[in-house]
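Please walk me through this assembly in the viewer, one selection after another, and tell me what there is to find at each stop.

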Amino acid sequence: MMETLGVWLAAGFTLCIFSFLYKDNPFYKLAEHIYVGASAAYMVIFVWSFDVKPMLIDRFIVNGKVNWSLLFPAFFSALMLCRFIPRIAWLSRWAIAFTVGIGAGIGFTMGLHGYILPQLKATMVPLVNVNNIIIVIGVLSVLMYFYFSIEHKGPVKYVSRLGRIFIMIAFGASFGYTVMARISLLIGRIHFLLSDWLRIIK
Amino acid sequence: MRGLERRIIYLLIALSVIIPFLFKIKTKVEISPPVMSAYNTIESLKEGTPVLISIDYDPASMPELQPMLLAILRHCVKKKLKIILMAHWPLGVPLGQEAIEKIAKEYGLKYGEDYVNLGYRPGGAGVIISMGREIRDIFDCDFKGTPVDSLPLMRNVHNYDDIGVVIGLEAGSVGDWWAQNLGPRFGAKLILGSTAVVTPDLYPYLASGQCQGLIGGLRGAAEYENLVGHPSVATIGMIPQSAAHALIIIFIIIGNIIYILQRRRK
Amino acid sequence: MRREVPLVITFVTGIVIIIGLFVPHKPFGEIQQTFLKWYVIIAGFTLLLGIDSLVITHWGKIKRRQPGFGYSVVLIASLAFTLILGIYSIIKYGSAFDVRAPFMYLYMHVILPLSATMFSLLAFFIASAAYRAFRARNVDAALLLVAGILVMLGRVPLGSMLYSKMPQIADWIMDVPQMAAKRGLLIGIALGQIAMSLRVILGIERTYLR
């Protein structure tokens with residue numbers, strides 16, 4: 001019975017959101033505000049269940065031994081929450097600095113070691129077939145298109161123009177995939193309505 | 001007039017998706033090389049090898065990625081692989097749990113021995129790098145708080161060296177983090193499944209060998225379903241997908257014809 | 001003090017992560033691992049930062065009885081109800097994510113359909129945009145549209161019905177010219193990411209301290 005009620009609830013919310021297609025209306029606004037409120041509360045439960053409890057509270061005392069080093073992240077997490085108190089909001093910068101520093105270090109190592117070096121290596125392919133030639137020309141011409149330290153005239157202008165052609169093809173392909181993605185999302189909801197709710201299809 | 005035009009377009013799109021569902025047309029789905037490569041990577045693993053599946057999406061991307069997850073789980077079960085689930089998106093944890101419980105019920109899998117759900121940790125790339133040294137530093141318990149060391153499956157799994165392949169199901173940038181760390185830093189294998197929006201951006205990783213397979217969008221999910229011999233939601237969705245694509249192409253053509261005629265009049 | 005301490009923290013943490021890549025052995029690898037564990041803990045709290053402004057904004061609307069404050073009441077009520085359900089589920093089942101928990105029921109039948117449907121509206125908007133805005137105004141735009149149409153046809157069964165080699169054409173577009181362009185684009189982005197990361201670590205870029 002609860003499952004049937006759940007399906008009808010889900011279908012009701014689905015139709016409330018779809019009603020926006022006709023025009024903005026109270027049903028859509030109601031559904032939207034319920035969604036935002038519930039999602040925000042979910043974040044709080046998630047942070048407790050997957051961060052605070054397992055990483056801080058449960059690890060603080062293990063087999064009778066106190067893990068004093070956890071006071072450091074606990075302190076910094078408390079500093080993060082100082083943002084809510086205007087007088088001491090500046091303390092949250094220390095916590096933000098920690099996360100930004102880690103993020104910058106990861107960004108540097110990932111960008112260099114994880115992207116540029118492997119991708120440059122993969123571009124250095126023998127020019128023995130048409131595809132490899134197109135790949136090398138494509139990568140170099142696109143890089144030239146975004147190189148603004150010299151004026152785009154003469155040969156640079158033509159290479160840059162070729163890069164633009166490659167970019168247009170890439171954006172066209174991305175556009176095709178984006179259309180595919182959006183339609184897939186609609187297919188999912190229609191399948192739910194026809195199969196789980198109305199039971200017209202299996 | 002504009003409002004009416006807009007609503008007619010919306011109605012036509014809705015009908016282009018609804019009507020094919022009602023006719024239950026079956027279709028053959030050709031397998032593309034990136035999906036075949038993903039399938040072969042899992043196929044090459046020995047029985048009992050642990051695989052790590054990362055649920056990096058939320059309900060908004062569920063229609064594309066949930067069928068993909070189910071097909072991959074079926075493949076893993078057929079190969080008798082051990083399944084470890086985790087998530088980088090908090091709203092992905094219940095989706096992963098729902099999928100694995102459906103498969104567990106279907107195939108009689110036992111939690112802790114055949115599959116484990118580690119849950120979610122914030123930190124993104126920091127989690128990925130940290131797990132490369134020791135998984136327990138980040139996940140010392142599963143999503144319900146059960147210590148990982150008490151789960152038989154996890155006893156000999158400490159880092160990526162003990163995992164056959166990592167399978168990331170992506171709706172955002174986490175796929176880039178997996179690809180930029182797993183291969184170059186840890187030499188581990190990676191398969192990426194992604195929404196169609198994200199898929200074009202992941203092709204450079206496939207070409208450079210940073211990932212061993214790429215399953216893109218609902219079409220990729222349909223291909224994988226057919227490879228594991230269990231055509232389901234994604235395969236059924238291919239005909240409505242065709243109809244909607246045809247309609248959008250017609251809209252583009254009509255729009256451009258009107259544009260050319262208007263330009264000529266001016 | 002207010003600016004110097006955060007800059008030192010940023011520098012130390014950034015350098016530890018970079019050194020950790022080159023020297024994974026003791027003590028640098030262990031220091032990196034410790035910092036990453038702390039980062040995971042602290043990062044969780046950043047998820048909470050947006051909730052305070054959400055609650056304050058809507059609570060203010062209710063107090064001032066602004067137009068549409070009824071929806072703010074719904075939002076706060078929905079937030080409170082979900083929170084109570086989550087806490088109850090944790091107390092009764094040990095975890096909010098137990099299959100029997102009411103919290104999971106709310107997720108599967110409220111959050112999931114709302115989220116999925118919200119994004120499925122985009123299908124209608126992209127169709128409307130296809131009719132009204134996707135114009136081949138010049139050669140570049142025409143190239144974009146042709147590539148898009150070929151990929152759209154190649155990725156559905158309709159394409160192979162129209163022309164048997166359509167899927168292979170779409171695959172080639174994705175594997176060769178599209179991949180080459182994306183590689184070039186992302187190399188440029190990665191170079192920018194590296195430059196920005198260095199600027200942040202060295203304290204040249206300080207906008208995050210505002």
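Does Leu227(B) count as buried or exposed, and how many C-beta neighbours does Leu227(B) have inside 10 Å? Before selecting it, keep in mind that this is a predicted model. Leu227(B) counts as buried, because 21 C-beta neighbours lie inside 10 Å and the cut-off for burial is 20 or more.

**First stop: Leu227 of chain B**

With Leu227(B) selected, colour helix α8 of chain B, residues 217-227, since that is the helix in which Leu227(B) has its place. Then add Ile31(B) and Tyr39(B), with which Leu227(B) is in contact when its neighbours within four places in sequence are left aside. Draw a line from the C-alpha of Leu227(B) to that of Tyr39(B): the two residues are 188 apart in sequence, and the distance in space is 7.7 Å.

**Chain B as a whole**

Now widen the selection to all of chain B, whose secondary structure comes to 10 helices and 6 strands. The C-alpha trace of chain B spans about 75 × 40 × 35 Å along its principal axes, and of its 266 residues 61% are buried. Among the contacts in chain B with a separation of 6 or more, 71% are between residues 24 or more positions apart.

**Gly175 and Lys80 of chain B**

Stay in chain B and select Gly175(B), which is found in helix α6, residues 174-186. Gly175(B) is buried, with 27 other C-beta atoms within 10 Å. If residues up to four places away in sequence are not counted, Gly175(B) touches Gly168(B), Glu170(B), Leu192(B), Ser194(B), Val198(B) and Leu202(B). Ala125(B) can be added as a marker: it is 50 residues from Gly175(B) along the chain, and the two C-alpha atoms are separated by 10.0 Å.

For the next selection in this chain, go to Lys80(B), in the loop between α3 (62-78) and β2 (82-87). Lys80(B) has a positive phi of about 60° although it is not a glycine, and with 12 C-beta neighbours inside 10 Å it counts as exposed.

**Where chain A meets chain B**

Show chains A and B together and select the residues in contact, which number 35 from chain A and 44 from chain B. On the side of chain A, the elements that give two or more residues are α2 (26-60), α4 (92-123) and α6 (155-197), and α6(A) provides the largest share, 16 residues. Coloured by class, this side of chain A divides into 25 nonpolar, 8 polar and 2 charged residues.

While chain A is in view, select Arg199(A), which has its place in the segment after α6 of chain A. Phi of Arg199(A) is near 55°, a positive value in a residue other than glycine, and Arg199(A) is exposed, with 9 other C-beta atoms within 10 Å.

**Where chain C meets chain A**

Next bring in chain C, of which 94 residues are in contact with 92 residues of chain A. The elements of chain C that give two or more residues to this side include α1 (4-22), α5 and α8 (166-201), and α8(C) gives the most, with 22 residues. By class, the side of chain C that touches chain A has 69 nonpolar, 19 polar and 6 charged residues.

**One helix pair across the chains**

Isolate helix α1 of chain A, residues 2-18, and helix α5 of chain C, residues 102-132, which pack at an angle of about 25° with their axes 9 Å apart. That angle makes α1(A) roughly parallel to α5(C), and the crossing of the two helices is right-handed. To see the contact itself, display side chains on both helices, including Phe13(A) and Ile17(A) in α1(A) and Met108(C) and Leu121(C) in α5(C). The residues of this contact divide into 12 nonpolar, 4 polar and no charged.

**Last stop: chain C alone**

Finally, hide the other chains and colour chain C by its two parts, domain 1 (67-134) and domain 2 (137-202). The C-alpha centres of these two domains of chain C lie 34 Å apart. Then select Pro27(C), in the loop between α1 and α2 of chain C, where a cis peptide bond joins Lys26(C) and Pro27(C), with omega about -10°.

Key:
Residues are numbered from 1 along each chain as its sequence is written. Chains are lettered from A and ligands numbered from 1 in the order in which they are written. This is a predicted model: local features need pLDDT of at least 70, side-chain atom pairs count only at pLDDT 80 or more; totals for chains, interfaces and linings use all residues. Domain bounds come from an automatic or database domain assignment. Helices (H or I, at least four residues) and strands (E, at least two) are DSSP runs, numbered from the N terminus. Two residues are in contact if their C-beta atoms, placed from the backbone, lie within 7 Å. Axes are lines fitted to C-alpha atoms, for helices over the stretch in contact, and angles run from 0 to 180 degrees between N-to-C directions. Angles under 35 degrees count as roughly parallel, over 145 as roughly antiparallel, 65 to 115 as roughly perpendicular and the rest as oblique. A crossing is left-handed if the near helix is turned anticlockwise from the far one by less than a right angle, and right-handed if clockwise. Ala, Val, Leu, Ile, Met, Phe, Trp, Tyr, Cys and Pro count as nonpolar, Asp, Glu, Lys and Arg as charged, and the others, Gly among them, as polar.
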